Amino acid sequence: MDDHQDDLSNNKTTNFHFYSDKFPFCSDSDEDSANGVHFRTNLSFNDASSNYQKTPRIFDRFDNSSSSEDEGDISSSSSYQRRLDYMLQFLDRKLSISTSSDQPLPEFVAAGGGTGIFKLPARAPVHPNRPPSLEIRPHPLRETQVGRFLRNILCVNDNDNGPQLWAGTECGVRVWDLNIDDMYGGQAEDGELEEEGTVRYWESAQVESATMCIVGDGGSRALWTGHKDGRIRCWKMMDFFGSFRNGFQEVLAWQAHHGPVLSIVVSSYGDIWSGSEGGAIKIWPWEAVEKSLSLTIGERNLAALLIERSYIDLRSQVTLNGAAYSNIFTSDVKYMLSDNSGAKVWSAGFQSFALWDACTRELLKVFNIDGQIENASLDAFMEDEMRTKSISVSKEKAHNSFNFFQRSRNAILGAADAVRRAAVKGSFGEDNRRTEALVSTVDGMIWTGCANGLLVQWDGNGNRLRDFQHHSFAVQCFCTIGERIWVGYISGAVQVLDLNGNLLGEWAAHSSPVIDLAIGGGYVFTLANHGGIRGWNITSPGPLDNIFRTELAGKEFLYTKLENLKILAGTWNVAQGRATSDSIISWLGSAATDVDIVVVGLQEVEMGAGFLAMSAAKETMGFEGSSVGQWWLDMIGKTLDEGFTFSRVGSRQLAGLLISVWVRNNIRGHVGDVDVAAVPCGLGRAIGNKGAVGLRMRVYGRVMCFVNCHFAAHLEAVNRRNADFDHVYRTMVFSRPSNLLNAASGMVLYLSLSSLLAFLLLFFARVNCLLLPFIFFVAAGVSSAIQMLRVTNAMGINPVEGMPELSEADMVVFLGDFNYRLGGISYDEARDFVSQRCFDWLKEKDQLRVEMEAGNVFQGMREGYIGFPPSYKFEKHQPGLAGYDSGEKKRIPAWCDRILYRDNRSALASTCSLDCPVVSSIVQYEACMDVTDSDHKPVRCILSVEIARVDELVRRQVFGEIIRSNEKIKRFRDELSKVPETIVSTNNIILQNQDPSILRITNKSKMNRALFEMCCEGLATIKEDGQASNHCPRGGFGFPQWLQVNPAAGIIEPDHIAEISIRREDYHTLEEFVDGVSRNCWCEDARDKEVMLLVTVRGSCTTETKRHRIRLRYSITGKITHKNPNSDNSSPLQSNLLHRSDFQKLSGSCDVADHLRNLHSP
């Protein structure tokens, strides 16, 4: 479903909480951001020196592509022309100027609509229950994404070119430039843009397998992706200029695992850790990575071989207290996390965790999801399985007295109920508590999310502290920014928490699961399972949201685009016959010349007890359709010139019911996300002799559902027909993911065997027809079980709790043989009125019209004026009104075959707009009286449909203009982006022994917390003359293994001081690994070292930062001396500290190596 049309009235999952007192403005900062719209990070440095000569970066030798000119500005004339067109359309609507030549028919509207499950889905230009969002990639059609689905996203900040949004796909990677020009107006040149409304992107050349995980390092301008084929690929961050647009290649690739790379992280020492199936964990040391990346492009093969063979295999390395923990190497390493503040690495499966020392690579701890240290020798799962088998055997003995067929049916229904209950819990055993996501926060805590929605907080040592339950659906992903934690759920909801677990805000971000989150450019980006990407302001929920909402809603006419199309809907009860080509042309062919979509519903395509039993059995196996149904599809397709004029987008058959939809080729690119469904209403609500089949699809971003029905027969069965409709409306489920059936594989096997039983019974029924009742008995049980599975599975992901899926559609069309008759009238009276064409009087006797007026059925739906004779019942092959049933039963003529619909209109809205995006009218409603192939006449209806949709490119431009022009927004953004002023105690440190030096960071703000992180960005050797050699960049991570910084991240309260211990670790031996085995050991270089530490400081909720640079020298020889004549501090630690220099602004963190080249000793 289109995310613009998520339910606006849902109070549970889309409730938007806003607590303004939780977000005070940073009013005491001494710096504002450059302006209100520039989202690139503003950097301030407390630097040790300046004016350095630029040195090559780590990629400069490897990548030989050179750039010349920046891309020229893309002309926006076309977008302004669009705005003009939309404004003219808006004026036409306001002036009620209609350009259509078709005059709509009068319509009858049923009572009971607008309330309960028949309440219209609320639509609006801007969702009132969530913050306004920026559409980076609008919801793409599923059919266009086969082999190209997005799996994960990551934001990496490059201070030369700004933040970049990377996405791993099934065939490579994709990159978006998050500068303001692209985000708020960027579009590809003609012929380049493949996805309408998407921000301009760059795409790599296709790779052989899907991207499973991704990690990046802005300091090294590098990203690593893990793939399904076991390879790891390294990519260079984009420069966004040059001659190429798409098809860029990876820098480096190597075979990492035999199975898929499930997880990947970069540790605080710069090493690459990756996890795979069966507990496999491998490490690629930073030294090997650095050496490989420093080779030239011509040495790429050598570089790949070098890094591929340098891995450390933890499977053969890990022991703890002399006992190998083999159990941690049996479950898949689904998730990995680098705790940079504690210099640890977490690895996790669904039910357990392992904690590693990032420096020594030793296993520190193994514990389960309850925080208990694992050392059990017996697999709990095996115990549960044995216990289940024992119970199953005892139950089997207890029920031997039951009749065979009764026992089979009860077992099937009981099994289905067990699956349903297990699915509601989240599947078998403790699977509902499995870990689904991990994240580390700036205060050193670790958060995990579970399949049951539980959020668990751990300390850095793996001790479980507390848990929170704010949502009942599975957690899918985390991200953090400052003091906020963002959580994405399988329901499509997003929550924002503070570091104490308090809920700050909650809303429905997408109409499908949120599978990944990323932060960059002032936004939190959410990736939905359908591939759509939205950006949310990092301050949301906050005071800016209402301003944006009001401004965007007021400019709706600038970005609203109207589309017009016609739909031909036809229904026919074919009475198990096959029509002539002329009959199909008379029914559909003559009316399809001027329509865009053709919907066909057939009833009684094929009937009979044997066919119905086999159909029910086939449904349990996931098969549907028949040769007769295919014949009808082929004949109708031939009539519609399928392949040249129309394309069939989907069909569904349930026993004798068949629905299919064809779309004209010129709008095929705007139609997709096709799903089908079936609801049996026959014996036990399981057999398809009565029931409904449905098809749902998106057209111009709006959801349309078409439902073909065949309800209970006979004059007196009015209540049964009403109940059939209610059952269909409430239980029709279109979304049918396969994960539930995969999880319940044992149950599927059982149901399959039961289906085989039905087939065997059918075989024996050919010998003895008395077995047919038993066939229906067993088949009904199987079909009911499958239906329960499907409904239960759909309940698990439906974001609108308690609302049927049909209620969420923008337009619903019901067609079929509803079987409502004429009541209170005799056969002869009805024939007389029909011959006199007194249809208005007859309609007063129409059971359907009476029930609709009473609000008992088809609540809120519309039907066009009936100007044609009753379509039932006729003698076959007898033309004219004389063909009505004249046999012994003399069934009273009736309008059994009907077509009804509802759109977005309510009593208060009738014009098409984003508040009421689908408005329809009936321009033709008639029966084809000249067709005589069945006892029913085919009926057709032509609807003229107007659709309002959002032009995402124009909307983004309007969004950017609001940011630039609204003074209140600019003021708020300036205040929110301020970084508390901080002071470091020194910017020069000398370590001469293992005594720690203390670095103090003071937060001068009186109101706001300061968040800090430390990393090492440069490493050099001090030469004999006391000067440092060229600094080797360490990227955004990568402390040397001899250096310990604790804590490396944290929070400083207002007017408080944080103390960071910096000490030399006793680590002298280096090992070189080849193919996972240590081959060489040598003593570490004994020369004096110099590193450059960066302290990055930010506010509680902003991407704006200030940075202090601290030069640290590690003396082994004792030759390094310090100069600090003004120091009179008597503290023994102070002897290792040098004086603090003032702030100095530099261009960015990734230029560290450039500014360090000529760094001199003090």
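**Note on the predicted model**

1. Ala655 is buried, its relative accessible area being 2%. The model under review is a predicted one, and this residue deserves a comment on its backbone. Ala655 lies in the loop that joins β33 (646-654) to β34 (657-664). Its phi is near 55°, a positive value in a residue other than glycine. As background, most residues other than glycine have a negative phi, and most peptide bonds are trans.

2. A second residue with positive phi is Asp673, which is not a glycine and has a phi of about 50°. Asp673 is placed in strand β35 (residues 671-680), whereas Ala655 is placed in a loop. Asp673 has a relative accessibility of 8% and therefore counts as buried, the cut-off being under 20%. For a colleague checking backbone geometry, both residues are listed here with their surroundings: Ala655 between β33 and β34, and Asp673 within β35.

3. Which peptide bonds are cis? One of them runs from Tyr872 to Lys873, with omega near 0°. Lys873 belongs to the loop between β39 (862-864) and β40 (897-902). Another cis peptide bond runs from Asn1046 to Pro1047, with omega near -5°. Pro1047 is in the loop between β48 (1043-1046) and β49 (1049-1052).

4. On the chain as a whole, the secondary structure amounts to 22 helices and 55 strands. The chain has 1162 residues, of which 59% are buried. Among contacts with a separation of 6 or more, 70% are between residues 24 or more positions apart.

5. How do helices α8 and α21 cross? The axes of α8 (residues 544-554) and α21 (residues 967-976) come within 10 Å, at a crossing angle of roughly 155°. Because angles over 145 degrees count as roughly antiparallel, α8 is roughly antiparallel to α21. The crossing of these two helices is left-handed. On the α8 side the contact is made by Leu544, Ile547 and Phe548, and on the α21 side by Lys968, Ile969, Phe972, Arg973 and Leu976. By residue class, the contact of α8 with α21 comprises six nonpolar, no polar and two charged residues.

6. Helix α8 also meets helix α20 (residues 952-965): their axes come within 10 Å and cross at roughly 130°. The two helices are therefore oblique to each other, and their crossing is right-handed. From α8 the contact involves Phe548, Glu551 and Leu552; from α20 it involves Arg955, Val958, Phe959, Ile962 and Ile963. The contact of α8 with α20 again divides into six nonpolar, no polar and two charged residues. Phe548 of α8 appears in the contact with α21 and in the contact with α20.

7. Which residues of helix α4 (residues 300-308) are buried? They are Ala303, Ala304 and Ile307. Viewed down the axis of α4, these buried residues fall within an arc of 100°, so they line one face of the helix. Their packing partners are β11 (252-255), β14 (281-284) and α3 (286-293). The buried face of α4 thus packs against two strands and a helix.

8. Phe706 is in strand β37 (residues 702-710). Is this residue buried or exposed? Its relative accessibility is 0%, so Phe706 counts as buried. Leaving aside residues up to four places away in sequence, Phe706 touches Ile567, Val599, Ile659, Val661, Val693, Gly694, Leu695, Met697 and Val813. The C-alpha atoms of Phe706 and Gly601 are separated by 9.0 Å, the two residues being 105 residues apart along the chain.

9. Phe525 is placed in strand β29 (residues 523-528). Phe525 is buried, with a relative accessible area of 0%. Between Phe525 and Trp536 the C-alpha to C-alpha distance is 6.3 Å, for a sequence separation of 11 residues.

How values were computed
Residues numbered from 1 in each chain as written. Predicted model: local features only at pLDDT ≥ 70, side-chain atom pairs only at ≥ 80, totals over all residues. Heavy atoms only, no water. Axes fitted to C-alpha atoms, helices over the stretch in contact; angles between N-to-C directions. Helix = DSSP H or I, 4+ residues; strand = E, 2+ residues; numbered from the N terminus. Parallel < 35°, antiparallel > 145°, perpendicular 65-115°, else oblique. Left-handed = near helix turned anticlockwise from the far one by under 90°. Contact = heavy atoms within 4.5 Å. Nonpolar A, V, L, I, M, F, W, Y, C, P; charged D, E, K, R; others polar. Buried < 20%, exposed > 50% of the residue type's maximum accessible area, 1.4 Å probe, protein only. Arc of directions from axis to C-beta.
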